Amino acid sequence: DNQIERERASQRLPGGCCALAAVYLLGKFYVANAGDSRAIIIRNGEIIPMSREFTPETERQRLQFLAFLRPELLGKEFTHLEFPRRIQPKELGKKMLYRDQNMNGWAYKKIEEDDLKFPLIYGEGKKARVMATIGVTRGLGDHDLKVFSSNIHIKPFLSCFPEVRVYDLTQYEHCPDDVLVLGTDGLWDVTNDKEVASVVMEVLTSYEPNDPCRYTMVAQELVVRSRGVLKERGWRLANDKLGSGDDISVFVIPLGGPGNYT
């Protein structure tokens, strides 16, 4: 992240990205995630999560706590408090549910002038945004990202530090159908863990266990099914719901079975 900052002028790279990495070392898989990509292990049909997404909702308390400690980062335009909805001026003096950085549940407070500011975290699900700008809270880059039409930098709220989970391969006997699946949010936006596992088993069983192409074909099928088919109303899945409009990258890595591939 520091290198991206140093090189952003010379390389003309003003943007940023999420990161998901898997490292195999001494019999263990280390999966590091910074952003909203996801990794799962499918072992004997069982789904084992190897990451979690970092979004304004999942990291609400970290973001609020930083804003509480350094209110100058909010530029006098935002409040670190969270409310169920945007507060209107006519509601001054009334009571409203709110959440602070040290609260898991909700409580009531009397609405004051500062509460009319735009909330640090606004929206729900995939529509949740930090300062109405970005929907992920960990990643690399974005050093120049600012709130629209302002001089408020968002980078202080974006962490480049990943969460790391460890999986010990030596603790289990793995068959050729046991895999690690890595995918960007374009896959998971429209496909859940169970659906991915179903596609994995469906495709793998149609190939011989020692065929190295079977894992590539699983990745390809996951991409194709998540994008859908182009129709008059846009990209559509088999159930006619909208296909993924985001980039889709998928890796399928075998954990066991025949390994003498050339």
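This is a short guided tour of a predicted model, going from the whole chain down to single residues.

**Stop 1: the whole chain**

Start with everything shown as a cartoon. The C-alpha trace spans about 70 × 45 × 40 Å along its principal axes. Colour by secondary structure and you will find five helices and 17 strands. Of the 262 residues in the chain, 42% are buried. Now switch on a surface: the accessible area is about 15,100 Å², and carbon and sulfur atoms hold 53% of it. If your viewer can draw contacts, take those with a separation of 6 or more; residues 24 or more positions apart make up 60% of them.

**Stop 2: the annotated span and the two domains**

Next, select residues 1-255. The unreviewed UniProt entry annotates this span as "domain: PPM-type phosphatase". Helix accounts for 18% of the span and strand for 26%, while its end C-alpha atoms lie 31 Å apart.

Then give two colours to the domain assignment. Domain 1 is made of 2-52 + 162-254, and domain 2 is 59-141. Their centres, taken over C-alpha atoms, are separated by 32 Å. Thirteen residues from domain 1 and six residues from domain 2 take part in the contact.

**Stop 3: helix H5**

Select residues 213-227, which form helix H5. How far apart should its ends be? At 1.5 Å a residue, the 15 residues should span 21 Å, and the end C-alpha atoms are indeed 21 Å apart.

Now show side chains for Arg-214, Tyr-215, Val-218, Ala-219, Leu-222 and Ser-226, the buried residues of H5. They sit on the same side of the helix, because they cover an arc of only 145° around the axis. The spacing follows a general rule: an α-helix has 3.6 residues a turn, so residues three or four places apart point the same way.

What do the buried residues of H5 pack against? Highlight strand S14 (179-183), helix H3 (185-188), helix H4 (193-204) and strand S17 (250-254) to see these partners. Before leaving, step just past the end of H5 to Gly-228, where phi is positive, about 90°.

**Stop 4: helix H4**

Helix H4, one of those partners, is the next selection. Its 12 residues reach 16 Å from the first C-alpha to the last, close to the 16 Å expected at 1.5 Å a residue. Show Asp-193, Val-196, Ala-197, Val-199, Val-200, Val-203 and Leu-204, which are buried. Here too the buried residues lie on the same side of the helix, as they cover an arc of only 160° around the axis. Their cover includes strand S4 (38-43), strand S5 (46-49), S14, H3 and H5.

**Stop 5: Thr-191**

Move to the loop between H3 and H4 and pick Thr-191. Is this residue buried or exposed? Thr-191 has a relative accessible area of 11%, so it is buried, the cut-off being under 20%. Leaving aside neighbours within four places in sequence, Thr-191 is in contact with Val-196 and Ser-226. Both appeared earlier: Val-196 among the buried residues of H4, and Ser-226 among those of H5. You can also draw a distance from the C-alpha atom of Thr-191 to that of Arg-225: the two are 34 residues apart along the chain and separated by 8.7 Å.

**Stop 6: two residues in the S12-S13 loop**

Find the loop between strand S12 (140-141) and strand S13 (163-168), where Asp-142 is located. Ser-149 lies in the loop between S12 and S13 as well. Most residues other than glycine have a negative phi. Asp-142, though not a glycine, has a positive phi of about 60°, and Ser-149 also has a positive value, near 55°. Check their surroundings too: Asp-142 counts as buried, at 16% relative accessibility, whereas Ser-149 is exposed, with a relative accessible area of 66%.

**Stop 7: Lys-95**

Finish in strand S7 (residues 95-98), where you will find Lys-95. With a relative accessible area of 67%, Lys-95 is exposed. Which residues does Lys-95 touch, not counting residues up to four places away in sequence? They are Tyr-108, Lys-109 and Lys-110. For a last distance, join the C-alpha atoms of Lys-95 and Ala-107: these residues are 12 apart along the chain, and the separation is 9.7 Å.

Terms used: Residues are numbered from 1 along each chain as its sequence is written. This is a predicted model: local features need pLDDT of at least 70, side-chain atom pairs count only at pLDDT 80 or more; totals for chains, interfaces and linings use all residues. Side-chain values use heavy atoms; hydrogens and water are left out. Helices (H or I, at least four residues) and strands (E, at least two) are DSSP runs, numbered from the N terminus. The expected span of a helix is 1.5 Å times one less than its number of residues. Buried means under 20% relative accessible area, exposed over 50%, partly exposed in between (1.4 Å probe, protein chains only). The arc is that of the directions from the helix axis to the C-beta atoms. Contact means heavy atoms within 4.5 Å. UniProt positions are given in the numbering used here, feature names are shortened, and annotations may be inferred rather than shown by experiment. Accessible areas come from the Shrake-Rupley method with a 1.4 Å probe; for residues, only the protein chains shown count as cover. Domain bounds come from an automatic or database domain assignment.
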